[in-house]
Amino acid sequence: QVHLVESGGGLVQAGGSLRLSCAASGSIFRINDMGWYRQAPGKQRELVAAITNGGATNYADSVKGRFTISRDNAKNTVYLQMNSLKPEDTAVYYCNAGIATSRAPVYRDYWGKGTLVTVSS
């Protein structure tokens, strides 16, 4: 089994910062892309940022210049540094990873349970 566990959410004032972490554990052979998604009340889940195992990154336009995604492959962990937070960033943030559990190059999507980020105005 594979588990993704997020941490670092909380309440912050507008303009503040938070750092989210997501650690993958279990029967992991290799991790491909990792990413962060978010879902605000009444809205669909959306991609925030993604990073390949080689370090290439991709961001939603709404967070470019404010959020930074990074990963530590030795620790199977992905991070999201969030600066200049806005009330519209309020959402549950979910970690996602494409993980192979054997030598076969078959990757399956795994999700964390989410961590709540609330930005007050």
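In the predicted model, Asp-89 and Arg-66 are both buried, and the two residues form a salt bridge in which the closest N and O atoms are 2.7 Å apart. This pair links distant parts of the chain, since Asp-89 belongs to the loop between β8 and β9 whereas Arg-66 belongs to the loop between β6 and β7, 23 residues apart. Asp-89 forms a further salt bridge with Arg-38, for which the closest N and O atoms are 2.9 Å apart. Here Asp-89 again contributes from the loop between β8 and β9, while Arg-38 lies in strand β4, so that the contact ties together parts that are 51 residues apart in sequence. Both members of this second pair, Asp-89 and Arg-38, are buried.

Arg-38 is in turn engaged by Glu-46, with the closest N and O atoms of that salt bridge 2.7 Å apart. The two partners differ in their surroundings: Arg-38 has a relative accessibility of 6% and therefore counts as buried, the limit being under 20%, whereas Glu-46, with a relative accessible area of 35%, is partly exposed. The structure holds four salt bridges, and through shared partners Arg-38, Glu-46, Arg-66 and Asp-89 are joined by salt bridges into one network.

The strand pairing around β4, β5 and β6 was examined next. Strands β4 and β5 run antiparallel and are joined by five bridges, with Tyr-37 standing opposite Leu-47 of β5. The two strands form a hairpin in which six residues lie between them, and Gly-42 in the turn has a positive phi of about 75°. Strand β5 is also joined to strand β6, which comprises residues 57–59, by three bridges in an antiparallel arrangement; within this pairing, Asn-58 in β6 is the bridge partner of Ala-50. β5 and β6 likewise form a hairpin, with five residues between the strands, and the turn contains Gly-55, whose phi is positive at about 100°.

The largest nonpolar core contains 31 residues, of which Trp-36, Leu-80, Met-82 and Tyr-93 touch the most other members. At least two residues of this core are supplied by each of β1 (2–7), β3 (18–26), β4 (30–39), β5 (46–51), β7 (67–72), β8 (77–82), β9 (91–100) and β11 (115–120). The largest share, five residues, comes from β9. When residues up to four places away in sequence are not counted, the contacts of Tyr-93 include Trp-36, Leu-80 and Met-82, which are also named with Tyr-93 among the core residues that touch the most other members. Other residues touched by Tyr-93 include Glu-6, Leu-20, Val-48, Phe-67, Gly-114, Thr-115 and Val-117. Tyr-93 also touches Tyr-37 and Arg-38; Tyr-37 is the residue that stands opposite Leu-47 in β5, and Arg-38 is a member of the salt-bridge network.

A separate set of contacts was found for Asp-109, which is located in strand β10, comprising residues 108–111. With residues up to four places away in sequence not counted, Asp-109 touches Asn-96, Ala-97 and Gly-98. The C-alpha atoms of Asp-109 and Asn-96 are separated by 6.8 Å, although these two residues are 13 residues apart along the chain.

Notes
Residues numbered from 1 in each chain as written. Predicted model: local features only at pLDDT ≥ 70, side-chain atom pairs only at ≥ 80, totals over all residues. Heavy atoms only, no water. Helix = DSSP H or I, 4+ residues; strand = E, 2+ residues; numbered from the N terminus. Contact = heavy atoms within 4.5 Å. Core = buried A, V, L, I, M, F, W, Y, C linked by side-chain atoms within 4.5 Å. Buried < 20%, exposed > 50% of the residue type's maximum accessible area, 1.4 Å probe, protein only. Pairing = 2+ DSSP bridges. Salt bridge = Lys/Arg side-chain N within 4 Å of Asp/Glu carboxyl O.
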